[in-house]
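Subject: Structure handover

Hello,

Here is the structure I promised to pass on. Please open it first, then read my notes below.

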Protein chains: 2
Amino acid sequence: MTPSPDTPAPANTSANAPRPATNPTADRLVEATRDLLWERGYTGTSPKAIQQRAGAGQGSMYHHFAGKPELALAAITRTAGELRGLAEELLSGPGTAVERVTGYLRRERDVLRGCPIGRLTQDPDVMADPVLRAPVEETLGWLRGRLAEVLAEGRANGELPPSVDPSGTAATVVAVLQGGYVLARAAGDTAPFDQAITGLLTLLAPPQQP
Amino acid sequence: MTPSPDTPAPANTSANAPRPATNPTADRLVEATRDLLWERGYTGTSPKAIQQRAGAGQGSMYHHFAGKPELALAAITRTAGELRGLAEELLSGPGTAVERVTGYLRRERDVLRGCPIGRLTQDPDVMADPVLRAPVEETLGWLRGRLAEVLAEGRANGELPPSVDPSGTAATVVAVLQGGYVLARAAGDTAPFDQAITGLLTLLAPPQQP
DNA sequence: GTCTATATGAAGATAGAC
DNA sequence: GTCTATCTTCATATAGAC
């Protein structure tokens with residue numbers, strides 16, 4: 001494209017991979033898209049809104065990205081990476097299995113905003129596009145798998161009863177999180193989220209009766 | 001209400017209450033709106049799409065309803081009523097407390113479509129409008145309360161251990177449902193939903209070890 | 001009650017100047 | 001790289017005839 005020596009541009013022009021937002025304007029566009037996808041979803045997010053929030057013009061946006069889907073892919077990919085990194089950090093950290101799961105469940109969250117990945121599940125245009133859908137499916141799938149490993153550890157070392165199926169329980173754990181967000185948003189209050197988490201932990205590791 | 005003998009029309013012209021769709025066309029419009037809200041959400045549903053699905057014209061729609069918000073209110077109210085009626089039927093039916101909760105969790109569901117009420121929680125325009133939001137908040141709040149009553153019953157008669165907090169556990173139960181939908185949609189498969197439910201029930205009523 | 005015409009602005013982009 | 005103009009279609013109604 002640009003044979004001249006003064007363009008250290010990334011060679012990433014493949015159709016599949018999102019361009020890494022190495023440029024400051026491109027980066028602000030991706031960040032704006034992340035915010036808006038979280039707040040308003042894919043359908044509810046317009047190119048104009050993205051431009052305004054990023055402080056970028058029309059031409060600028062279409063220079064860096066082919067259009068809304070490409071921007072969304074960059075945004076979703078970045079968010080998914082962050083979420084996964086944070087989860088991995090907590091789940092592979094120190095502590096017993098139950099402690100780590102508890103730590104993950106109790107980690108600080110912007111409860112009323114909901115889960116930036118889980119919410120995409122409700123966006124029909126995202127789910128209809130295999131490219132946009134893939135990171136959503138992967139991230140939540142990975143999370144269930146990783147939690148299942150930790151729970152299996154806990155069962156193996158006697159923290160959890162043998163009746164606890166790691167895979168099924170992992171699904172329950174992630175579901176409580178995702179559903180907790182729904183309840184909190186419905187109530188306009190974080191309390192139901194906290195209740196749901198506490199309720200789950202009580203069932204998972206009941207208070208000892210000596 | 002209706003002094004003239006030839007107009008059996010309902011006197012429901014109050015601003016707050018949605019007109020009961022007594023008219024066949026109005027009814028089809030509400031049903032179409034229900035479907036579309038479920039599939040595409042509020043932002044993703046246009047008046048034109050509603051008209052097409054209902055087989056009604058532009059003028060017809062605006063004759064029966066003031067606009068999209070009024071139609072949405074009628075649709076949401078009807079859906080909320082159905083959901084509540086079904087839950088009440090199962091939760092106040094025969095069986096032990098745990099059996100009734102299990103029956104409610106295992107009831108037939110259109111899992112991949114998700115919860116028609118819970119999904120509205122992700123719609124910023126719905127949550128921003130107190131009138132549209134109210135039935136969502138009420139329905140999910142009622143459900144938690146009703147489940148808490150049943151769980152309290154179960155604890156009182158020894159089905160559940162004293163460590164089980166009815167309110168918290170009720171939040172957990174509803175969260176697992178709502179989150180189960182999210183996982184199923186993300187995976188494009190109902191399996192994670194079923195796993196989440198089974199995982200919860202295993203924790204709630206562990207297999208006896210004699 | 002239902003239909004058609006008309007209207008305003010937003011959505012989502014392309015073209016080409018600077 | 002960024003900006004402004006232009007374009008097409010859609011969203012969401014209103015007006016008034018039938």
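I start with the contact between the chains. Chain A and chain B bury about 3700 Å² between them. Carbon and sulfur atoms give 62% of that area. Three residues stand out on the chain A side: Gln122(A), Arg185(A) and Leu203(A). Together they supply 18% of the area that chain A buries against chain B, more than any other three residues. Please keep in mind that this is a predicted model.

How many residues does each chain bring to the contact? Chain A brings 44 residues, and chain B brings 44 residues. Of the interface residues of chain A, 100% are also interface residues in chain B, so the copies meet through the same surface.

Next, the polar side of the interface. The rule finds 2 salt bridges across it. One of them joins the side chains of Arg40(B) and Asp125(A), at 3.3 Å from N to O. There are also 16 residue pairs in polar contact between chain A and chain B, counting pairs with both residues at pLDDT 80 or more.

Which helices of chain A each supply at least two residues of the side that touches chain B? They are helix 1 (24-40), helix 6 (124-128), helix 7 (130-156), helix 8 (166-187) and helix 9 (191-204). Helix 8 of chain A gives the largest share of that side, with 16 residues.

Now the symmetry. A turn of 180 degrees, with a shift of 0.0 Å along the axis, lays chain A on chain B with an RMSD of 0.0 Å. That is the relation of a two-fold axis. Where does chain A come nearest to the axis, going by C-alpha atoms? The answer is Gly179(A), whose C-alpha lies 1.9 Å from the axis.

Last, chain A by itself. Chain A holds 9 helices and 0 strands. Read along the sequence, the pattern is α-α-α-α-α-α-α-α-α. Chain A has 210 residues, and 49% of them are buried. Take the contacts in chain A between residues at least 6 apart in sequence: 65% of these join residues at least 24 apart. The area that chain A exposes is about 9600 Å². Carbon and sulfur atoms supply 54% of that exposed area.

If you want one place to begin, look at helix 8 of chain A, which gives 16 residues to the side that touches chain B.

Best wishes

Note on methods:
Residues numbered from 1 in each chain as written. Chains lettered and ligands numbered in written order. Predicted model: local features only at pLDDT ≥ 70, side-chain atom pairs only at ≥ 80, totals over all residues. Heavy atoms only, no water. Helix = DSSP H or I, 4+ residues; strand = E, 2+ residues; numbered from the N terminus. Buried < 20%, exposed > 50% of the residue type's maximum accessible area, 1.4 Å probe, protein only. Contact = heavy atoms within 4.5 Å. Areas by Shrake-Rupley, 256 points an atom, 1.4 Å probe, with all protein chains shown as cover. Least-squares fit on C-alpha atoms with pLDDT ≥ 70 in both. Buried area = accessible area lost by both parts, 1.4 Å probe. Salt bridge = Lys/Arg side-chain N within 4 Å of Asp/Glu carboxyl O. Polar contact = N/O pair within 3.5 Å; in protein donor to acceptor, adjacent residues only side chain to side chain.
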